[in-house]
Structure formats: C-alpha cells, structure tokens
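I opened this model to look up its strands, its core and a few single residues, and I kept these entries as I went along.

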Amino acid sequence: PTAASMEATSQELKLTESKMALINPVDNSVENAAANASGVVDEKEKKSKADDTVFKRRPHIFPPVDLKRKPGYDSENGPKVVMFSCMINALLDVCLIDEVFKLDVAILMDWIDDGELNEDFSLKRSTDDMWRPYLQLGNIVEKTEEIEKNTDVYSLRKRPVICSYRRFIPVLEQTMPLKDFPFDVIMLDTIVQFGWTTKDLKIVLGEMEVDPRLWSLNEYVLADFRMLQRTKLYQYYTCYDDCDDPYPEVVIRLTLVRNPWYYMWRLVMPQAILSIMALTSFLVESDEIVDRFDISGTIVLSEVALYFIAVQMLPKVPYTMRIDIWFTWCFLLVFITWAQSAIIFLANDSLDEDQLKDFDLATMIVYVIGLTVGTAWFLKPIIRFQWEYASQQEIVAKTASLKHKFGKMPRKSSPKRQTMMNSSEL
C-alpha cells in the first residue's frame, strides 16, 4: 500500500474509535478510586487544580454593579466626567481618645447624560433605575444611611446637567497625634470612594463650603479646608471587569488648630509662677539650710498637686506630650535647687563664705537659663496659633461684612457652580 492510503486508513480508524467512545463511554471511576487509594494522583489533574487556585482572585470590594451600563457606555471621549462638590454643615464631635469624629456633610455630584433625559429635559425614569455614581465612605466606623438624598436636572451654562445630592452624618476614624499638645494640629479626613475605576469614571473637583459656625469653635480654630483627589489600587481584590485600574478617591480635609489658652491659664501659668517662686530660695543665707529646704519642699509639693490636677485635664494617651516634657523640666529645675541646698549643707564646713556665694550665683544662673530656654521651647508653637487665629478673625470679619452687604454667605470658590466646571471638557 502507498503512504497516502495508509494515512487515510489511520484517520478512518481514529474516527471510528471516537464514535465508539461516544456511544459506549468508558467508566474509569473504579480505576481512579483504586489509584487514589494507593496514593497515585494524576499529574495533569493536579496541575489543573493548581492553576485554578492560582488564578482565582477575590471579588471586588464594592457592591455588584450593572456592567451593561457602565458610566462611559455612551461616551466616545473616554470616562464619564463627574464634578464633585461638598458642604460641611457642622462638626458635631471630636474624640481624641478613640480617634473618631462626627460631622454633618453634604455631597453634590453633577454629570451630563443626555440619554437619561426627555425632550423637555425631564428624567426618563426614576432615580433608582438610572445610573448614578456609586460612592461610599472609606474611613467610616459604623453604617450610616443618608438623611437626605435627591436627584434632579439643573442648568449648567444653558446645558441640562443631572445633579445628585446626598447628606450624611457619619462617625469617621482618623489618626489624631497629640505630641504637641496643647498646640496640636489635627487633620480630619473624610475619604470618599467610588465604585468605578478611572477607566470608566473621572472625578473633577468642584467647590467646597463650610458653615460659618465652624469658624467659631470653642476648642479649635479652623485653619484650612480643602478637597484632595487621589487614586487607590487594591492589590488583593479584583475589579468588576477583572482589570488592574485604580479607583478614584476624594479626601475632604478639615485642618483644626487647638486653642491653647484654656490650658495656658489653668495649667501653664500656675506652673510658671511656681517655678519662678523657687528662685526665692537663693535669697536665703547659705547657712539657713532649714529655711531653704522649707521653700524647696513647699514648691515641690505645690507642683505635684498641680500635676495631679493636670493629669485629670489632659488627654490619656500612651506617649509623651509636649506639656508633659515641660512639666518634667520644671520638676527637674526645682530638684536642682533642692540638690544645691543639700550640697551646701554637706560642704558648709569646707567652703568659706565667698565660695558659697559664688556657688549660689552659679546655680541661680543655671536655673534661670534652664527655665527660660525650656519655657521658650514650650511656647514656640503659640506663634503659629496666633497667626492662624489672626487669619481666622480676618476671614470672619470679611464674611460678616459681605453678609451685611449682599445678604448671603460667600463660598470659598465661585458662588455659581457652572464657573467651576468646563462644559467643553464634559
């Protein structure tokens, strides 16, 4: 037989075997069970299971989304553009120990979607059925529902724009370092996360407003407020379309500077007076050791009593604060006066009167320099507070004058939202 006829015969045999296998499938379950019992495992099956385990990723962290209606499905110019604005209505609570804060925040999002509008610029369907930018608060402590929400159509440069309004009162967590207490600066961040990646959604920062009541907080001074934009890539979670694109995030930041005068008048000022009164021990003659010990002992007991009061007033944190270092430094200086009196008592017979006076003078100079340097280091941040407080008073004065003149409160940016957004970019 020729080679061509042999090849044709082999192909017919393979076809016949495949048909027989379909008609009478071979059951290898008994053989597989025997192989598993004897510890023999098919290498191909083992490899396929390993591959499935390696390529299986965790689901995305956001709730399921409708992939048929992505935010950029009707756009040929890239992702859907959404302008993000916010309003801080009130700062309700700040807990330094638990490092949480509670505020009243309203979020406003604007976007263009002509496919959702009728000819008279009304919505074709209910807001629950239409596409809206999904968002969640990234640093929230407990679940919070919206107390207000609304979606409607507004005019933006004579162009219909869909606007979504949502208001929350969440409890958020934030690290609050107190190492410079009572001159600490706290940044309260509200992290807003979106359910679509940057491939499908583009966030444009609009304007941010704060209620005028935030300028007159009792314990803090509002130094700054702003919005920051960033992206976050979740390495251990897959996206809704199994891509590696990051998610957009917006950080609403309030910068607060503590008003230190409550602690200055009630703790710092009495401690400074007691430290200055300790200098009176140097006015007593060197041979009057009992009187010197009486003065130093009285000052020490007074400072200890004041410190016990301060412990009840200060935040209970597991690290040393600025005011703790200053209190310890004042204790050390008073201990120097007590140690100087003890040295004079022990060396009174071996030193003459002039040497004792020189020793007193040197100790007093060291005490005054130490107290001056330590107090200057402690009070150095108060310059920053005074500058922030002066700026805040200037803003409050301008706000009051504008309110009296125009009858409304000005925004940090333009009063009209259309000036913050370029319609051609949309």
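**Entry 1: overall make-up**

I counted eight helices and 10 strands in the chain, where helices (H or I, at least four residues) and strands (E, at least two) are DSSP runs numbered from the N terminus. The model is predicted, so I kept to its rules: local features need pLDDT of at least 70, side-chain atom pairs count only at pLDDT 80 or more, and totals for chains, interfaces and linings use all residues. Residues are numbered from 1 along each chain as its sequence is written, and side-chain values use heavy atoms, with hydrogens and water left out.

Of the 426 residues in the chain, 36% are buried; buried means under 20% relative accessible area, exposed over 50%, and partly exposed in between, with a 1.4 Å probe and protein chains only. I then looked up contacts, meaning heavy atoms within 4.5 Å, and noted that among those between residues at least 6 apart in sequence, 77% join residues at least 24 apart.

**Entry 2: the open sheet**

I traced an open sheet of four strands with antiparallel pairing, in the order β3-β7-β10-β9; two strands pair if DSSP finds at least two bridges between them. Its edge strands are β3 (135-137) and β9 (220-232), each of which pairs on one side only. Neighbouring strands of this sheet are turned by 20° against each other on average, direction ignored; the axes are lines fitted to C-alpha atoms, for helices over the stretch in contact, and angles run from 0 to 180 degrees between N-to-C directions.

Within the sheet, I found nine bridges joining β7 (residues 185-194) to β10 (residues 247-258), two strands that run antiparallel. One residue pair I noted there is T190, which stands opposite I252 in β10.

**Entry 3: the nonpolar core**

Which residues have the most contacts inside the largest nonpolar core? They are F84, I88, V192, F194, I252, L254 and I323, in a core of 70 residues; a nonpolar core is a set of buried Ala, Val, Leu, Ile, Met, Phe, Trp, Tyr and Cys residues joined through side-chain atoms within 4.5 Å. I followed I252 first: leaving out residues up to four places away in sequence, I252 touches several residues, including F84, C86, I88, L188, V192 and M208.

I then turned to V250, which also lies in strand β10 and is buried, with a relative accessible area of 0%. With residues up to four places away again not counted, V250 touches F84, T190, I191, V192, F194, I203, L205, M227 and L228. V250 and L205 are 45 residues apart in sequence, and their C-alpha atoms are 8.4 Å apart in space.

L205 led me to β8 (residues 201-210), where F84 stands opposite L205. Strand β1 (residues 80-95) pairs with β8 in the parallel sense over eight bridges. Because eight of the 10 residues of β8 are buried, this strand is largely enclosed by the rest of the structure.

**Entry 4: strand β5 and its partners**

Strand β5 (residues 160-168) is mostly covered, with seven of its nine residues buried. I found that β5 pairs in the antiparallel sense with β2 (residues 100-111) over seven bridges, and D110 has C163 in β5 as its bridge partner. Strand β4 (residues 148-155) also pairs with β5 in the antiparallel sense, over eight bridges, and T151 stands opposite S164 in β5. I noted further that β4 and β5 form a hairpin with four residues between them, and that R157 in the turn has a positive phi of about 55°.

**Entry 5: cysteines and single residues**

How many disulfides does the structure hold? I found zero, taking a disulfide as a pair of cysteine sulfur atoms within 2.5 Å. C163 counts as buried at 5% relative accessibility, and C330 is buried as well, at 1%.

Is R292 buried or exposed? R292 is buried, with a relative accessible area of 0%, and lies in helix α5 (residues 289-313). A polar atom of the R292 side chain lies 3.2 Å from the backbone oxygen of S281. Neighbours within four places in sequence aside, the residues in contact with R292 include F282, E285, Q340 and D360.

In the loop between β1 and β2 I looked up E99, whose phi is near 55°, a positive value in a residue other than glycine. E99 is partly exposed, with a relative accessible area of 28%. Lastly, I noted a cis peptide bond joining F181 and P182, with omega about 5°; P182 lies in the loop between β6 (171-173) and β7.

Technical notes: A polar contact is a pair of N or O atoms within 3.5 Å; within protein, one must be able to donate a hydrogen and the other to accept it, and residues adjacent in sequence count only if both atoms are side-chain atoms.
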